[in-house]
Amino acid sequence: MLITANRPGPLAALAPWRRRSGRVGLAMLLCLAAIALYATAFPELHLGNPALRAPSLRHPFGTDDLGRDMLIEIARGVGPSMLVGGIATLTALAIGAIAGLIAANGSMLVDDLVMRAAELTATIPPLLLAIVLGALFGNGAVLTAIILGVSFWPMVARVVRAAAFALRGEAFVLSAIALGRSYTSIAFHHILPGVLPIALSMSGIIFGGAVLAEATLAFVGLGDPAVTTWGQTIAHAGGFMHVAWWLWLFPGLALVAACVGVGLLTDTAHAQ
């Protein structure tokens, strides 16, 4: 049985300090936040530096070919990358959770229509959709995040639908049906709290996929040129791959830290 009445509510899944993996993920994200604050605390370290200097005490992540401090460059990419990942994750979770509940609690026709729509959406590569819509409507960070979120909702819908089907036989759901509650009330007041931890556990996958997709778009020159991102930083390092390893290593590590940190923070598999 997937979820029982004795299991904690969805708020238990939002307490990462109760899990070792959650504490590690939270610490990684706090380190990224500290790096972002570094950019505002020491702006004088960003310009007027020797070009292509290896990491040192004054410049822990070295400098690039323009003399810019790499630590500050990475710090400037924290906000845009987190913004894209956060908006994409919230968009996918909202659409996927609602679609999954509708599919599980609607008629067979409604279930079939929702699942066919999910399959159709899943066949479109997220990067291709982002490239096409970005060419039509612009390549801003928010629009890119929404496009990626729309691309990722089918995986959430499938998981929520399966979990909702499992909960339909639980005693508290059968009691609500016997009391004459509407299917909408049952779905959002009884089933949704039970499937929410499972949906939240997927947010790490969605966040990581969105951040990596944004970095890929920026790497190939399809990101917003006015916004500093980790993908742009890594792309700029391509011409100095063999002479300045720090130009691509540290942005890549920041990208990995963000994805792994959110993944560990939202890993609710052991939260119950």
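**Exercise 1. Burial and overall build**

Task: Find what share of the residues in this predicted model is buried, and work out which secondary structure elements the chain contains.

Solution. Start with burial: of the 272 residues in the protein, 44% are buried. Next, go through the secondary structure, which comes to 10 helices and zero strands. Reading from the N terminus, you can write the order of the elements as α-α-α-α-α-α-α-α-α-α. Finally, look at how the chain meets itself. Among contacts with a separation of 6 or more, 73% join residues 24 or more positions apart.

**Exercise 2. How confident is the prediction?**

Task: Say in which helix the confidence is lowest and in which it is highest.

Solution. Begin with the whole protein: its mean pLDDT is 82, and 89% of the residues reach 70 or more. Now go helix by helix. Confidence is lowest in helix 6, residues 171-178, where the mean is 77. It is highest in helix 3, residues 108-122, with a mean of 92. One stretch deserves a separate look: over residues 1-13 the pLDDT is below 50. In the model, this stretch still has 22 contacts beyond near neighbours in sequence.

**Exercise 3. Exploring a cavity**

Task: Describe the largest cavity by its volume, its lining residues and the helices that supply them.

Solution. A helpful idea comes first: rolling a probe the size of a water molecule over the atoms shows where empty space is left. In this structure, one cavity of 30 Å³ or more turns up. The volume of the largest cavity is about 120 Å³.

Then take the lining, which is made of 15 residues. Those nearest the centre are Ala141, Glu214, Gly223, Asp224 and Thr229. Sort the lining by chemistry and you get seven nonpolar, six polar and two charged residues.

Last, trace the lining back to the helices. Helix 2 (70-105), helix 5 (141-167) and helix 8 (203-219) each supply at least two lining residues. Helix 8 gives the most, with three.

**Exercise 4. A cluster of rings**

Task: Classify the ring pairs that tryptophan 245 makes with tryptophan 246 and with phenylalanine 250.

Solution. The count for the model is three aromatic pairs. Take tryptophan 245 and tryptophan 246 to begin with: their ring centres are 5.6 Å apart and their planes meet at 85°. Planes over 60 degrees apart count as edge-to-face, so this pair is edge-to-face.

Move on to tryptophan 245 and phenylalanine 250. Here the centres are 6.0 Å apart, with 50° between the planes, and the pair is tilted.

Now step back: ring pairs link Phe61, Trp245, Trp246 and Phe250 into a cluster. How do its members sit relative to the surface? Use the cut-off that buried means under 20% relative accessible area. Tryptophan 246, at 5%, is buried, and phenylalanine 250, at 15%, is buried too. Tryptophan 245 has 42% relative accessibility and is therefore partly exposed.

**Exercise 5. A leucine with a positive phi**

Task: Locate leucine 52 and describe its backbone angle.

Solution. First find the place: leucine 52 belongs to the loop between helix 1 (20-41) and helix 2. Then check the angle, a positive phi of about 55°, although the residue is not a glycine. To finish, add the accessibility: leucine 52 is partly exposed, at 31%.

**Exercise 6. Two helix residues and their partners**

Task: For arginine 158 and isoleucine 131, list which residues each one touches beyond its neighbours in sequence.

Solution. Arginine 158 sits in helix 5 and is partly exposed, with 38% relative accessibility. Set aside neighbours within four places in sequence, and its contacts are Ala118, Glu119 and Ala122. Its C-alpha atom is 9.7 Å from that of alanine 104, which is 54 residues away along the chain.

Isoleucine 131 is part of helix 4, residues 126-137. Its relative accessible area is 36%, so isoleucine 131 is partly exposed. Without residues up to four places away in sequence, isoleucine 131 touches Leu217 and Leu222. Between the C-alpha atoms of isoleucine 131 and isoleucine 147, 16 residues apart along the chain, the separation is 9.7 Å.

Methods. Residues are numbered from 1 along each chain as its sequence is written. This is a predicted model: local features need pLDDT of at least 70, side-chain atom pairs count only at pLDDT 80 or more; totals for chains, interfaces and linings use all residues. Side-chain values use heavy atoms; hydrogens and water are left out. On a 1 Å grid over the protein atoms alone, a cavity is a set of points where a 1.4 Å probe fits but cannot get out, and a pocket is an open set with protein on both sides within 12 Å along at least five of seven lines; lining residues have an atom within 4 Å of a point. Grid points are joined across faces, edges and corners, and a volume is the space filled by probe spheres set on the points. Helices (H or I, at least four residues) and strands (E, at least two) are DSSP runs, numbered from the N terminus. Ala, Val, Leu, Ile, Met, Phe, Trp, Tyr, Cys and Pro count as nonpolar, Asp, Glu, Lys and Arg as charged, and the others, Gly among them, as polar. pLDDT is the predictor's confidence in each residue, from 0 to 100. Contact means heavy atoms within 4.5 Å. Rings of Phe, Tyr and Trp (its six-membered ring) pair if their centres lie within 6.5 Å; planes under 30 degrees apart count as stacked, over 60 as edge-to-face and the rest as tilted. Buried means under 20% relative accessible area, exposed over 50%, partly exposed in between (1.4 Å probe, protein chains only).
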